[in-house]
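Biologist: Could you take me slowly through one helix of this model, and then show me how the surroundings of that helix fit into the rest of the structure? I am in my first year, so please spell out the reasoning wherever there is some.

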Amino acid sequence: MGVLLLVHGFLVAGGHLGGTMKYLNVAKAAGEMTNLSYIFGAIAVVVGLWHLLGSHKEGNADYYLSTVAGGVFILFIAMIVKWYLDPWVAVLGRALGPIAGTAARPTYLHTVLGLNYIVIGIVAGMIIVNVFRIPDWAHNGVRLSRLGLKTGVILLGSLYSLGELAKLGQLSVVMIGVFVLGSAWLVLLIGARRKISNSMGGVLAAGVGVCGVSAAVAAAPVVKARSDEIAYTIGTILVFGVICMFLFPVVGHGLGMSYVQFGAWAGTGILNSAQVAGAALAYQPTGNLETLKVGEIFNITRVLFLPIIVMWLAIWYVRRESAAGVSVQQVDTTRIIIEKFPVFVLGFIFMFALASTGAFSKGMIPAFRDWLTWLFAFGLTGLGMQITYAAMRQAGGQPLVIGSVVGVLKAVLSLIVVLMFVRETI
Amino acid sequence: MTDKKSQDIDLRTTETGFKYHRGSALSIFKSDRYEDFIALACALLIAFGVFVLVR
């Protein structure tokens with residue numbers, strides 16, 4: 001993999017791919033293509049040689065270095081997608097001619113379908129894991145993708161102004177407050193009517209209400225959820241999330257939503273955190289990344305609700321079980337809030353505070369944006385590699401029915417609210 | 001349809017022996033909190049790099 005990257009860097013630097021790059025309109029990215037190929041190619045070769053020739057002892061260093069190969073594998077796929085597949089799809093889309101818009105601002109098929117490096121990267125990841133295979137040496141690296149997404153979210157803090165954050169923060173607290181608490185409550189209500197277990201209802205409410213798989217996993221211990229109940233919830237969230245991630249941008253383009261409107265809708269209506277970023281970047285993959293900025297503020301607000309929801313579910317579960325005559329141990333709610341608080345949100349706020357001091361000049365913003373697009377491209381391509389057929393096949397039964405009903409209701413109602421009331425621009 | 005080992009990339013086995021797929025919540029770190037701190041360190045490193053190298 002490292003040698004391939006080095007060869008690629010050499011070919012681009014020597015102008016041997018000039019014809020292809022001109023056809024794909026990526027000539028201006030030649031510097032980035034050369035530098036990244038050389039840097040990560042060199043890293044991969046050095047670590048590869050160490051794996052091959054070095055002496056190894058089982059331990060932290062060995063474990064963490066084993067992720068480099070997989071990380072480079074994901075990056076390699078993301079590079080192919082960003083530099084070659086995405087531009088090629090755009091060339092094909094333009095060749096088909098505009099399907100809507102005006103002569104001055106034509107709209108092409110690939111734009112409407114949101115076929116850009118983010119969506120293609122996720123699809124490529126899904127195809128690799130479900131149709132081909134992830135090489136054994138890359139398995140550990142695939143687990144790095146969430147770290148890439150979290151780093152991206154923290155770094156995103158550097159792009160907001162105080163005014164933007166205040167305006168979006170107020171809007172998101174109201175919308176997320178209503179929809180997170182509302183959907184969690186609705187899941188519990190329907191769950192009780194359909195006589196699913198309290199633990200199943202609790203874990204599904206967290207997953208559907210807050211931030212998807214992570215919330216379901218976080219809430220599982222406090223409602224004493226069984227592993228099969230967690231599996232049902234994860235399957236439901238994944239199936240629903242994948243559909244939303246591809247469908248939302250199409251609907252957004254169809255309705256002509258503004259970046260703020262779409263970001264607010266994606267941040268509220270899509271269940272899984274990573275898929276919010278995916279949909280937001282699918283809607284606006286380049287430029288000032290307003291959609292991602294709005295979507296992530298909503299997502300962060302939602303994540304901040306996680307300790308509250310977990311505490312609520314803990315109390316709710318104890319009451320329900322006690323009412324049914326089952327002896328349940330009281331839950332330490334303070335400990336739960338401290339344990340479940342997402343620290344990376346503090347990182348985001350810290351980065352925002354750092355940017356607010358004027359530490360970063362305007363000239364640095366494009367560099368931050370470049371880093372962001374690569375971190376999210378890396379994280380989301382890796383996310384695609386975790387969306388396995390086996391995981392989605394777990395969905396079924398009552399959780400799928402309840403999760404789908406509440407998920408669709410949340411998506412539709414939040415769309416109506418956004419279209420009616422959200423007029424902000426940033 | 002596909003390679004079994006790839007499909008099992010997110011497989012978890014509980015103490016009781018039950019197996020389930022953890023979906024997109026995979027991490028190389030022992031806890032979410034640890035991952036959060038590493039992400040913060042990475043973000044600060046990138047920000048420092050941009051601060052030093054871009055003018």
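**A covered helix and its surroundings**

Modeller: Before turning to the single helix, it helps to know that chain A contains 21 helices and 2 strands, and that what you are looking at is a predicted model.

The part I would choose for a close look is helix α13 of chain A, which runs over residues 259-269 and is mostly covered, since 11 of its 11 residues are buried. Reading along α13(A), the buried residues are Tyr259(A), Val260(A), Gln261(A), Phe262(A), Gly263(A), Ala264(A), Trp265(A), Ala266(A), Gly267(A), Thr268(A) and Gly269(A). The cover over these residues comes from several helices of chain A, including α9 (162-193), α12 (227-255), α14 (273-283), α15 (290-304) and α21 (397-421).

To see what "buried" means in practice, take Val260(A), which is part of helix α13 of chain A. A residue is called buried when 20 or more other C-beta atoms lie within 10 Å of its own, and Val260(A) has 22 such neighbours inside 10 Å, so Val260(A) counts as buried. Between the C-alpha atoms of Val260(A) and Phe376(A) there are 19 Å, with the two positions 116 residues apart along the chain.

A useful contrast is Ala323(A), which belongs to helix α16 (residues 306-323) of chain A. Ala323(A) has 9 C-beta neighbours inside 10 Å and therefore counts as exposed. Ala323(A) and Ile300(A) are 23 residues apart in sequence, and their C-alpha atoms are 35 Å apart in space.

Let us now follow one of the covering helices outwards. Helix α14(A), which helps to cover α13(A), also packs against α6(A), at an angle of about 135° and with the two axes 7 Å apart. The two helices α6(A) and α14(A) are therefore described as oblique to each other. On the side of α6(A) the contact is made by Ile118(A), Val119(A) and Ile122(A), while α14(A) contributes Gly278(A), Leu281(A) and Ala282(A). Sorted by class, the residues in this contact of α6(A) with α14(A) are 5 nonpolar and 1 polar, with no charged residues.

This pairing leads on to the division of the chain into domains. Chain A is divided into domain 1, covering residues 2-143, and domain 2, covering residues 152-421. The centres of the two domains of chain A, taken over C-alpha atoms, are separated by 27 Å. Where they touch, domain 1 of chain A supplies 25 residues to the contact and domain 2 of chain A supplies 22 residues. On the side of domain 1 that touches domain 2, the elements of chain A that give two or more residues are α4 (60-96), α5 (109-112) and α6 (117-130). Of these, α6(A) gives the most to that side, with 12 residues. Divided by class, the residues on this side of domain 1 of chain A are 18 nonpolar, 6 polar and 1 charged.

Stepping back to the whole of chain A, 53% of its 426 residues count as buried. Among the contacts in chain A with a separation of 6 or more, 81% are between residues 24 or more positions apart. The C-alpha atoms of chain A fill a box of roughly 75 × 65 × 45 Å along the principal axes. For a chain of 426 residues, a compact globule would have a radius of gyration near 22 Å, and chain A, with 22 Å, agrees with this.

Two loop residues of chain A also deserve a look for their backbone angles. Most residues other than glycine have a negative phi. Asn25(A), however, has a positive phi near 60° and is not a glycine; Asn25(A) sits in the loop between α2 (18-23) and α3 (30-53) of chain A. With 13 other C-beta atoms within 10 Å, Asn25(A) is partly exposed. Lys195(A), likewise not a glycine, has a positive phi of about 60°, and its place is in the loop between α9 and α10 (198-209) of chain A. Lys195(A) is exposed, with 8 other C-beta atoms within 10 Å.

Finally, the model also holds chain B, in which there are 2 helices and 2 strands, arranged along the sequence in the pattern α-β-β-α. Of the 55 residues in chain B, 35% are buried.

How values were computed:
Residues numbered from 1 in each chain as written. Chains lettered and ligands numbered in written order. Predicted model: local features only at pLDDT ≥ 70, side-chain atom pairs only at ≥ 80, totals over all residues. Buried ≥ 20, exposed ≤ 12 C-beta atoms within 10 Å, placed from the backbone. Helix = DSSP H or I, 4+ residues; strand = E, 2+ residues; numbered from the N terminus. Contact = placed C-beta atoms within 7 Å. Rg over C-alpha atoms; globule rule 2.2 N^0.38 Å. Domains from an automatic or database assignment. Nonpolar A, V, L, I, M, F, W, Y, C, P; charged D, E, K, R; others polar. Axes fitted to C-alpha atoms, helices over the stretch in contact; angles between N-to-C directions. Parallel < 35°, antiparallel > 145°, perpendicular 65-115°, else oblique.
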